[in-house]
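Below is a colleague's note on the structure, set out as numbered points. Please read it with the sequence and the coordinates open beside you.

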Amino acid sequence: MSALAPPPASRTLGASGIAISPLAWGMWRLAENGRGAGDAARLVHAALDAGITLLDTADIYGFDGTRGFGDAEALLGEVLASQPGLRGRMVLATKGGIRPPLPYDQSPGYLRSAIEASLRRLRTDTIDLYQIHRPDILAHPQEVARVLDDAVASGKVRALGVSNFSPSQIEALGHFLGHELAATQPEISPLRIDCFANGELDQALRLGLTPLAWSPLGGGRLLAPADGREQAVADVLDRVAGEHGVSRSVAAYGWLMVHPAGIVPIVGSQDAGRIAEAAQALGMRWTRQDWYAVLAAARGAPLP
Ligand code: NAP
């Protein structure tokens, strides 16, 4: 059985010209468990040392329902302030547009202030990728586009992305944007396969958007399957992982990475060893048969 093409060792973020690693590291959980700037620095180094240069955060990361808005960005900002050389080694992605308790706000005044606040907390002059975190149904995409275009024109943002947008919401925003969208960030994992059939990845292929997969291990559920379907997915991944001498989580990243849209899994672990281990996914060689076996298990039904 011939192997599918391996993921390229580096690629560009959409058509932005910004070189990125084929895996990203995410900081959703960074500001948990009392982690301080020292812990954050150790994890940033673990990612960079593993060749993972795309780092994903958001202004809302750290918010616990009451407080903590901005905490994950601020932690990373502390790391960047104490080790200024790190900034040039990473592609820094963040997000805004969720404003508790509203819950969403992409009105021009707020969105402009959110970009400024992220820059301040991150202690940087430029955000490499600014993403709208979830769509604000009450914001006209033309107004959102104007704020985003202005942010690029002023040099505060280098590339633009969206997260949790439907294909038609991406189309509407893209229609009004002067700068092309570079990335989209849906939830994708062997447990969450909607985007393989709902048009999101087809659109990414057509528009040249880089898909960044959030919760590539189902938020950790893949490591603790909760029902028969999840266990079946884990079993197929374990078989393929065993044949490659890698772990189930590495096999899950590898499974996502062979999709022709060039899916970039965002590793969510805050454990230095697990972040380093993720890079093994680049060495996997998937066969078409094994890839579809995972998909069939995830569907819970054979393919037609
Ligand atoms: P994930 O990789 O699906 O799950 C990570 C969780 O699994 C961590 O709590 C990790 O714990 C746990 N885990 C248990 N065993 C593991 C193993 N063997 N290897 C790796 N992890 C293991 O990712 P996620 O944290 O849910 O999300 C990843 C990133 O996606 C976030 O950081 C964020 O950047 C992005 N995200 C975006 C959105 C959005 O709306 N755009 C939403 C959610 C997430 P340990 O830390 O102890 O390893």
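1. Helices and strands in this note are DSSP runs, numbered from the N terminus, with at least four residues required for a helix and at least two for a strand. In those terms G208 is found in the loop between α6 and β9. The structure is a predicted model, and the points that follow should be read with that in mind.

2. The overall arrangement is a closed barrel of 8 strands, running β3-β4-β5-β6-β7-β8-β9-β10, with parallel pairing. From one strand to the next, the twist averages 30°.

3. Strand β8, residues 181-185, is a useful place to begin: 5 of its 5 residues are buried, so the strand is largely enclosed by the rest of the structure. On one of its pairings, 4 bridges join β8 to strand β7 (residues 157-163), and the two run parallel; within this pairing, S163 stands opposite Q185 of β8. Between these two strands the chain passes through helix α5, residues 167-176, in a β-α-β crossover that is right-handed.

4. Strand β8 also pairs with strand β9 (residues 210-213), again in the parallel sense, over 2 bridges, and here T184 has P211 of β9 as its bridge partner. The connection from β8 to β9 goes through helix α6, residues 200-207, and this β-α-β crossover is likewise right-handed.

5. How are the two crossover helices, α5 and α6, placed relative to each other? Their axes come within 9 Å and cross at roughly 30°; angles under 35 degrees count as roughly parallel, and α5 and α6 are therefore roughly parallel to each other. On the α5 side the contact is made by P167, I170 and E171, and on the α6 side by E200, Q203 and L207. Sorted by class, this contact has 3 nonpolar, 1 polar and 2 charged residues.

6. Two positions in the loops flanking α6 deserve a closer look. N198 lies in the loop between β8 and α6 and is partly exposed, with a relative accessible area of 37%; its C-alpha atom is separated by 16 Å from that of I263, a residue 65 positions away along the chain. G208, in the loop between α6 and β9, is also partly exposed, with a relative accessible area of 35%. G208 and L13 are 195 residues apart in sequence, but their C-alpha atoms are 9.0 Å apart in space. If neighbours within four places in sequence are left aside, G208 is in contact with G14, A15 and A182.

7. The barrel continues from β9 to strand β10 (residues 264-267), with 2 bridges joining these parallel strands and P265 of β10 serving as the bridge partner of A213. The side chains of β10 alternate: V264 and I266 point one way, P265 and V267 point the other way, and all are buried. Strand β10 pairs in the parallel sense with strand β3 (residues 24-26) as well, over 2 bridges, and in that pairing A24 stands opposite I266.

8. Elsewhere in the barrel, strand β4 (residues 54-56) and strand β5 (residues 91-96) pair in the parallel sense over 3 bridges, with L55 standing opposite L92 of β5. Helix α3, residues 108-122, packs on the sheet and touches β5, β6 and β7, its direction making about 140° with that of β6. Helix α4, residues 141-153, lies across β6 and β7, and runs at about 150° to β7.

9. A second helix pair makes a contrast in geometry worth checking on the display. The axes of helix α1 (residues 37-49) and helix α2 (residues 71-82) come within 9 Å and cross at roughly 75°; since angles of 65 to 115 degrees count as roughly perpendicular, α1 and α2 are therefore roughly perpendicular to each other. In this contact A37, A40, A41 and V44 of α1 meet L75, L76, E78 and V79 of α2. By class, the residues of the contact divide into 7 nonpolar, no polar and 1 charged.

How values were computed
Residues are numbered from 1 along each chain as its sequence is written. This is a predicted model: local features need pLDDT of at least 70, side-chain atom pairs count only at pLDDT 80 or more; totals for chains, interfaces and linings use all residues. Side-chain values use heavy atoms; hydrogens and water are left out. Buried means under 20% relative accessible area, exposed over 50%, partly exposed in between (1.4 Å probe, protein chains only). Two strands pair if DSSP finds at least two bridges between them. A crossover is right-handed if, with the strands pointing away from the viewer, the path from the first strand over the helix to the second runs clockwise. Axes are lines fitted to C-alpha atoms, for helices over the stretch in contact, and angles run from 0 to 180 degrees between N-to-C directions. Angles under 35 degrees count as roughly parallel, over 145 as roughly antiparallel, 65 to 115 as roughly perpendicular and the rest as oblique. Contact means heavy atoms within 4.5 Å. Ala, Val, Leu, Ile, Met, Phe, Trp, Tyr, Cys and Pro count as nonpolar, Asp, Glu, Lys and Arg as charged, and the others, Gly among them, as polar.
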